[in-house]
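Q: I have a structure open and would like to learn how to read it. Could you walk me through it, one feature at a time?

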Amino acid sequence: MFRRSQEDSRKPVEIFVEGEPVVAREGDTVSAALLASGIDARRATAVSEALRLPYCMMGVCFDCLVTVDGVGNRQGCLVPVRPGMRIEIQKGKREIGR
């Protein structure tokens with residue numbers, strides 16, 4: 001569905017999604033990296049368990065919630081990737097902060 005341009009010469013960055021290594025590109029957001037990787041990045045909503053993909057890519061819709069380095073409720077479309085980052089696809093309702 002999504003793929004990178006052959007002309008994308010940005011530096012590769014290794015991240016981990018659900019424990020598996022994934023190559024992103026420097027400057028990608030988490031959501032862009034997930035979509036480009038081909039990984040099933042859908043999260044299940046809390047009430048209906050409907051599957052959602054990153055949608056607006058600008059922080060409005062909250063369909064891209066992920067857990068980044070153990071911190072939940074992160075909007076993947078607003079978080080830039082960095083080497084070694086650990087990402088989990090968030091399942092169900094948003095986590096409540098402590």
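**Reading strands, a helix and a cavity**

A: Gladly, and let us begin with a single pair of residues: Val66 stands opposite Arg74 in β6. Keep in mind throughout that this is a predicted model.

Q: Thanks! In which sense do β5 and β6 pair, and over how many bridges?

A: When you meet two paired strands, look at their direction and then at the bridges. Here β5, residues 65-68, and β6, residues 71-75, pair in the antiparallel sense over three bridges. Besides the pair we began with, Val68 has Val71 as its bridge partner in β6.

Q: What do β5 and β6 form, and how many residues are between them?

A: They form a hairpin with two residues between the strands. In the turn, look for Asp69, which has a positive phi of about 50 degrees.

Q: Which residue of β7 does Val66 stand opposite?

A: That residue is Ile89. β5 and β7 also pair in the antiparallel sense, over three bridges. Val66 thus has a residue opposite it in β6 and another in β7.

Q: Which way do the side chains of β5 point, and are they buried or exposed?

A: First the general idea: in a regular strand the side chains alternate between the two faces of the sheet. Now the case here: Leu65 and Thr67 point one way from β5, while Val66 and Val68 point the other way. All four are buried.

Q: Let me step back to the whole chain. How many helices and strands does it hold?

A: Count the elements, then read their order. The protein chain has one helix and seven strands, and along the sequence they follow the pattern β-β-α-β-β-β-β-β. The radius of gyration is 13 Å, close to the 13 Å that the globule rule gives for 98 residues, so the chain is as compact as a globular protein of that length. Its C-alpha atoms fill a box of roughly 40 × 30 × 25 Å along the principal axes, and buried residues make up 37% of the 98 residues.

Q: Which residues of helix α1 are buried?

A: For a helix, ask which residues are buried and then what covers them. In α1, residues 30-37, the buried ones are Val30, Ser31, Ala33, Leu34 and Leu35. Their cover includes β1 (12-17), β2 (20-25), β5 and β7 (86-89). Just after α1 comes Gly38, whose phi is positive, near 85 degrees.

Q: Where is Asp63 found, and is Asp63 buried or exposed?

A: Asp63 is in the loop between β4 (51-52) and β5. Its relative accessible area is 15%, and since the cut-off for buried is under 20%, Asp63 counts as buried. Leaving aside neighbours within four places in sequence, Asp63 is in contact with Arg43, Arg52, Leu53, Pro54 and Tyr55.

Q: How many cavities of 30 Å³ or more does the structure hold, and which residues line the largest cavity?

A: With a cavity, check the volume and then the lining. The structure holds one cavity of 30 Å³ or more, and about 40 Å³ of space lies in the largest cavity. The lining is made up of Leu34, Ala41, Arg43, Pro54, Asp63, Cys64, Leu65, Val66 and Ile89. By class, that gives seven nonpolar, no polar and two charged residues. Several names from our tour return here, including Leu34, Asp63 and Val66.

Note on methods:
Residues are numbered from 1 along each chain as its sequence is written. This is a predicted model: local features need pLDDT of at least 70, side-chain atom pairs count only at pLDDT 80 or more; totals for chains, interfaces and linings use all residues. Side-chain values use heavy atoms; hydrogens and water are left out. Two strands pair if DSSP finds at least two bridges between them. Buried means under 20% relative accessible area, exposed over 50%, partly exposed in between (1.4 Å probe, protein chains only). Contact means heavy atoms within 4.5 Å. On a 1 Å grid over the protein atoms alone, a cavity is a set of points where a 1.4 Å probe fits but cannot get out, and a pocket is an open set with protein on both sides within 12 Å along at least five of seven lines; lining residues have an atom within 4 Å of a point. Grid points are joined across faces, edges and corners, and a volume is the space filled by probe spheres set on the points. Ala, Val, Leu, Ile, Met, Phe, Trp, Tyr, Cys and Pro count as nonpolar, Asp, Glu, Lys and Arg as charged, and the others, Gly among them, as polar. The radius of gyration is taken over C-alpha atoms; the globule rule is 2.2 Å times the number of residues to the power 0.38.
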